[in-house]
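Here are my notes on the model, set out as numbered points. Please read them with the coordinates open.

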Amino acid sequence: MSEKVVLYSYWRSSASWRVRAALLYKGIEHEIVPVNLVKGEQADPENLARNPSGFVPTLDHKGDLLVQSPAILEFLEDVYPVSPLLPADPVPRARVRALAAIIACDTHPIQNLGVIKKVASLRGKEGVDTEFAKWVIEKGFTAYERAVAKTMGKYSVGDSLSIADLCLIAQHYNAVRFNVDLTPFPNIVKLVAVLSEEECIQKSHPSTQPDAV
């Protein structure tokens, strides 16, 4: 059995970025293998064999293939408890998971490339529907802003980096891409300023990836 940890990733995939950041934060040696979503490589038989949904990321952890970024993040937390990304106490732990879900369940999947291409097609437009993507992100950020007002310290929940923060910083990148006005979200802006200084965020940033264009 292989002892390697390999992440199948796309540079601009926010779900991939969450996992890249977690791997770096926890100091887990790994290799990045790009899957080009724009060229449609996610639908290649090779990728579908790894990831039945035809998405990224997929984590090959020493021969075990793991998919869906929330599940991968929880797995890494279980197997590599050093540098935790979930609080030990059940209540803040649940709050981290709830904030992460606002992004990873309620926002990002609806704003994903395949969805906004389909919405554009249904509306008789070419390419992607950026107007719809922007609306989805604004709706998700409105919920996150409201929720995080009750939980934030230096980070989204208290003073420790968490899975929620990894989800937020990656979604913020999408917000900038789609020209979302961040003025109504001062808490998010404050958190992003702090998160942008984290080494694991800087080194996992889309612009640093081997397939970045």
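1. Cys167 is a suitable place to begin, because with a relative accessible area of 3% it is buried, where buried means under 20% relative accessible area, exposed over 50% and partly exposed in between, with a 1.4 Å probe and protein chains only. Its sulfur lies 8.6 Å from the closest cysteine sulfur, that of Cys105, which is too far for a bond. A disulfide is taken as a pair of cysteine sulfur atoms within 2.5 Å, and by this rule the count is 0 disulfides. Cys200 is likewise in no disulfide, the nearest cysteine sulfur being that of Cys167 at 13 Å; at 7% relative accessibility, Cys200 also counts as buried.

2. A word on the basis of these notes. This is a predicted model, in which local features need pLDDT of at least 70 and side-chain atom pairs count only at pLDDT 80 or more, whereas totals for chains, interfaces and linings use all residues. Residues are numbered from 1 along each chain as its sequence is written, and side-chain values use heavy atoms, with hydrogens and water left out.

3. Helix H1 covers residues 14-25, and the 16 Å between its end C-alpha atoms agrees with the 16 Å that its 12 residues should span at 1.5 Å a residue; the expected span is 1.5 Å times one less than the number of residues. Helices (H or I, at least four residues) and strands (E, at least two) are DSSP runs, numbered from the N terminus. H1 is mostly covered, with 10 of its 12 residues buried, and among them are Trp17, Arg18, Arg20 and Leu23. After the helix comes Gly27, which has a positive phi, near 70 degrees.

4. How is Trp17 of H1 paired? Trp17 and Tyr173 form an edge-to-face aromatic pair, with 5.9 Å centre to centre and 90 degrees between the planes. Rings of Phe, Tyr and Trp (its six-membered ring) pair if their centres lie within 6.5 Å, and planes under 30 degrees apart count as stacked, over 60 as edge-to-face and the rest as tilted; the count by this rule is 4 aromatic pairs. Since Trp17 lies in helix H1 and Tyr173 in helix H8, the pair ties together parts that are 156 residues apart in sequence. Trp17 is itself buried, with a relative accessible area of 3%.

5. Arg12 sits in the loop between strand S1 (5-9) and H1 and is partly exposed, at a relative accessible area of 29%. Neighbours within four places in sequence aside, Arg12 is in contact with Tyr173, Asn174, Arg177 and Pro206, contact meaning heavy atoms within 4.5 Å.

6. The largest nonpolar core has 58 residues, of which Leu23, Leu76, Phe141, Tyr144, Ile163 and Leu166 touch the most other members. Its largest share, 9 residues, comes from helix H8 (residues 163-177). Such a core is a set of buried Ala, Val, Leu, Ile, Met, Phe, Trp, Tyr and Cys residues joined through side-chain atoms within 4.5 Å. Outside its neighbours within four places in sequence, Ile163 is in contact with Leu73, Leu85, Leu86, Val96 and Ala100.

7. Helix H7 (residues 130-148) has 19 residues and reaches 26 Å from its first C-alpha to its last, close to the 27 Å expected. Its buried residues, including Phe141, Tyr144 and Glu145, pack against helix H4 (90-104), helix H5 (108-111), helix H6 (113-122), H8 and H9. At the start of H7, a side-chain oxygen of Asp129 comes to within 3.3 Å of the backbone nitrogen of Glu131.

8. Two threonines deserve a look. Thr58, in strand S3 (residues 58-61), counts as buried at 0% relative accessibility, and its side chain makes a polar contact of 3.1 Å with that of Asn51. Thr183, in the loop between H8 and helix H9 (186-195), is exposed, with a relative accessible area of 64%, and its side chain is joined to that of Asp181 by a polar contact of 2.7 Å. A polar contact is a pair of N or O atoms within 3.5 Å; within protein, one must be able to donate a hydrogen and the other to accept it, and residues adjacent in sequence count only if both atoms are side-chain atoms.
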